[in-house]
Amino acid sequence: MMRKVVRSFDEWRDAARELVARRMAPEFVAWASSEEEGDLFSAAPAPPLATPSPAAPVLRLPRELMEMLASAACFSAVDRWAFLYKIIWRWQLGERDVVSAADQDGARLYAMVKAVRREEHDMHAYVRFRERKEEDGAPRFVAWFEPTHEVLPQVARHFARRMGNATWMIATPAAAVLWDGEHLHDAPSLLRSAADIEDAGEALWLTYYRSIFNPARLNADLLRSHIPSRFWKNLPEGAIVPAMISAAANGERRTGQTATVGRRDGATTIMVTAERAQPQRDEPDTLDQCRRCELWRNATQAVPGVGPKHARIMLVGEQPGDQEDLQGLPFVGPAGAVLDRALTAAGVVRDQVYLTNAVKHFKWELRGKRRLHKTPAQREISACHAWLEEELARVKPEVVVVLGATALKSVLNNGSATMSAVLDAPFEHEGRWVIAVYHPSYVLRAPDEESRQQAYEVIVAGLRRALTFIPAPARSG
Ligand code: URA
């Protein structure tokens with residue numbers, strides 16, 4: 001069995017070309033991504049390598065196939081290099097079926113490519129940067145993401161094109177990429193979770209800085225007189241740069257980067273030209289621009305209220321959920337389905353009421369691959385209160401149904417308000433009726449059928465009661 005260690009697609013391609021030329025069949029090659037990786041697929045002893053001769057097969061692959069192989073190489077599977085080699089081996093034998101979805105290997109290849117492209121797309125959509133103080137040496141924006149497949153390099157190129165010359169880093173459990181405003185740098189993974197971003201201090205950023213320092217590109221005089229990169233400018237370079245320059249001069253970093261980084265998969269430095277500047281963030285005069293609290297950073301968009309201009313009933317929920325965040329509409333996810341049921345049971349027409357939330361951005365935390373709702377803090381409810389006030393002033397509802405405690409606190413502008421005092425007991429506030437009921441997701445979370453039903457009945461009763469405060473138009477037939 002011949003063992004081949006390859007750390008990138010380029011290394012695999014070169015090795016694979018050579019092995020094909022030497023007529024080494026897939027069953028005799030054990031592929032690994034690192035020296036440490038076990039030899040999982042070995043069984044057969046390798047035959048002697050043929051010496052390439054003028055008659056040896058020259059591997060010619062169509063560009064589309066090459067692109068598919070490059071994508072599939074990002075798929076996280078321990079046998080991916082072996083599998084890709086099997087594909088090209090069969091191709092050079094003339095088995096064109098190998099790229100057909102009807103072929104078992106072809107089908108797997110397509111599935112891998114599809115999964116990788118989906119992951120790239122998801123990462124483009126869901127990476128959320130948090131802004132950091134540059135004074136502590138951090139890049140200006142830092143994001144954490146846990147990709148299923150190894151798509152970080154191409155995703156980093158995407159963000160490098162989009163984010164202009166603002167410095168940023170994307171960290172994943174396996175690796176990180178830093179953009180210094182001019183170049184992308186591979187870096188080791190020093191963060192372990194999104195929470196680490198908050199805790200990261202100067203020491204961590206210095207470690208990153210050391211790890212991406214590349215003496216192979218070092219112009220010490222220039223570096224001494226002027227640190228060219230924006231990313232470096234706030235570092236205590238007086239201490240760190242001379243030490244690194246002398247370490248480099250002493251040949252300590254023969255590979256040009258730290259051992260850890262040198263061993264990583266993929267290109268070590270990718271030159272990318274900044275194309276677009278980071279958009280400026282103005283004071284908010286539209287909801288979309290709101291930066292009054294930090295929730296905008298991790299949300300896809302702000303979700304405004306919807307409904308008739310002068311609806312007589314306004315329903316106020318807590319905050320958008322996962323579906324609402326993606327669609328930009330309130331109550332379109334599972335809680336919305338419960339609400340729809342309750343509205344119908346109460347005889348209230350959804351289209352005739354105004355639906356909104358106390359907090360307009362989705363607050364969540366990642367659990368595995370899911371974005372789980374997190375209750376907004378009082379400071380976030382207060383920060384968003386102005387938007388609810390604006391809606392109340394504009395729509396002028398006669399009745400406001402508050403769905404849960406967050407909505408109650410916001411409508412009363414009182415962080416101490418509690419549901420138990422007012423549950424299904426209408427009261428007047430600032431010239432309109434307020435009815436407090438449970439939030440629909442309380443129904444979903446209730447531990448058993450009986451409590452689910454009770455909570456649901458409270459919502460239905462509150463909605464019915466809302467109708468009694470106004471004449472007919474908002475009722476359904
Ligand atoms: N929960 C809410 O409070 N509002 C929504 O829009 C969706 C779920």
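**Ligand site, cavities and a few notable residues**

Leu 408 is a buried residue, with a relative accessible area of 1%. The model discussed here is a predicted one, and Leu 408 makes a handy way into it. Leu 408 belongs to helix α14, and its C-alpha atom sits 9.0 Å from that of Gly 317, although 91 residues separate the two along the chain. Gly 317, in turn, is one of the residues that surround the ligand, so the ligand site comes next.

Around the ligand, the shell takes in a run of residues made up of Gly 317, Glu 318, Gln 319, Pro 320 and Gly 321, along with Glu 324, Pro 330, Phe 331, Ala 335, Asn 357 and His 439. Sorted by class, that shell holds four nonpolar residues, five polar ones and two charged ones. Some of these residues also put an N or O atom close enough to the ligand to make a polar contact, for which the cut-off is 3.5 Å. Glu 318 does it through its backbone, where a polar atom is 2.7 Å from an oxygen atom of the ligand. Phe 331 also uses its backbone, with an N or O atom 2.8 Å from a ligand oxygen. For Asn 357 the side chain does the job: one of its polar atoms lies 2.6 Å from a nitrogen atom of the ligand. As for cover, the ligand taken alone would expose 240 Å², and the protein buries 94% of that area.

Phe 331 deserves a second look. This residue is placed in the loop that runs between α11 (322-327) and α12 (334-346). Its relative accessibility is 5%, and because anything under 20% is called buried, Phe 331 falls in that class. The backbone is a bit out of the ordinary here. Most residues other than glycine have a negative phi. Phe 331, however, is not a glycine and has a positive phi, near 50°. Asn 413 goes the same way, with a positive phi near 50° in a residue other than glycine. Asn 413 is found in the loop between α14 (405-412) and β14 (427-429).

Next come the enclosed spaces. Rolling a probe the size of a water molecule over the atoms shows where empty space is left. The count comes to two cavities of 30 Å³ or more. The largest has a volume of about 70 Å³. It is lined by 13 residues, and the ones closest to its centre are Cys 290, Arg 292, Cys 293, His 361 and Cys 384. By class, the lining of this largest cavity splits into nine nonpolar residues, one polar and three charged.

The second largest cavity holds about 40 Å³ of space. Its lining consists of Trp 12, Arg 13, Ala 16, Arg 17, Leu 59, Leu 61, Met 66 and Ile 88. Helix α1, which covers residues 9-21, gives the most to this lining, namely four residues. Six of the lining residues of the second largest cavity are nonpolar and two are charged, with no polar ones.

A few other spots round out the picture. Thr 172 sits in the loop between β5 (168-171) and β6 (176-179). At 4% relative accessibility, Thr 172 counts as buried, and its side chain reaches the backbone oxygen of Ala 175 at a distance of 2.7 Å.

Phe 145 is another loop residue, placed between β4 (141-144) and α5 (152-162). With a relative accessibility of 11%, Phe 145 is buried too. Its C-alpha atom is separated by 9.3 Å from that of Leu 366, a residue 221 positions away along the chain.

Arg 394, by contrast, is found in a helix, α13 (residues 378-395). How buried or exposed is Arg 394? Its relative accessibility is 39%, so Arg 394 counts as partly exposed. The C-alpha atoms of Arg 394 and His 310 are separated by 7.6 Å, with their places 84 residues apart along the chain.

Methods: Residues numbered from 1 in each chain as written. Predicted model: local features only at pLDDT ≥ 70, side-chain atom pairs only at ≥ 80, totals over all residues. Heavy atoms only, no water. Near = heavy atom within 4 Å. Polar contact = N/O pair within 3.5 Å; in protein donor to acceptor, adjacent residues only side chain to side chain. Areas by Shrake-Rupley, 256 points an atom, 1.4 Å probe, with all protein chains shown as cover. Nonpolar A, V, L, I, M, F, W, Y, C, P; charged D, E, K, R; others polar. 1 Å grid on protein atoms, 1.4 Å probe; cavity = no way out; pocket = protein on both sides within 12 Å on 5 of 7 lines; lining within 4 Å. Points joined across faces, edges and corners; volume = space filled by probe spheres on them. Helix = DSSP H or I, 4+ residues; strand = E, 2+ residues; numbered from the N terminus. Buried < 20%, exposed > 50% of the residue type's maximum accessible area, 1.4 Å probe, protein only.
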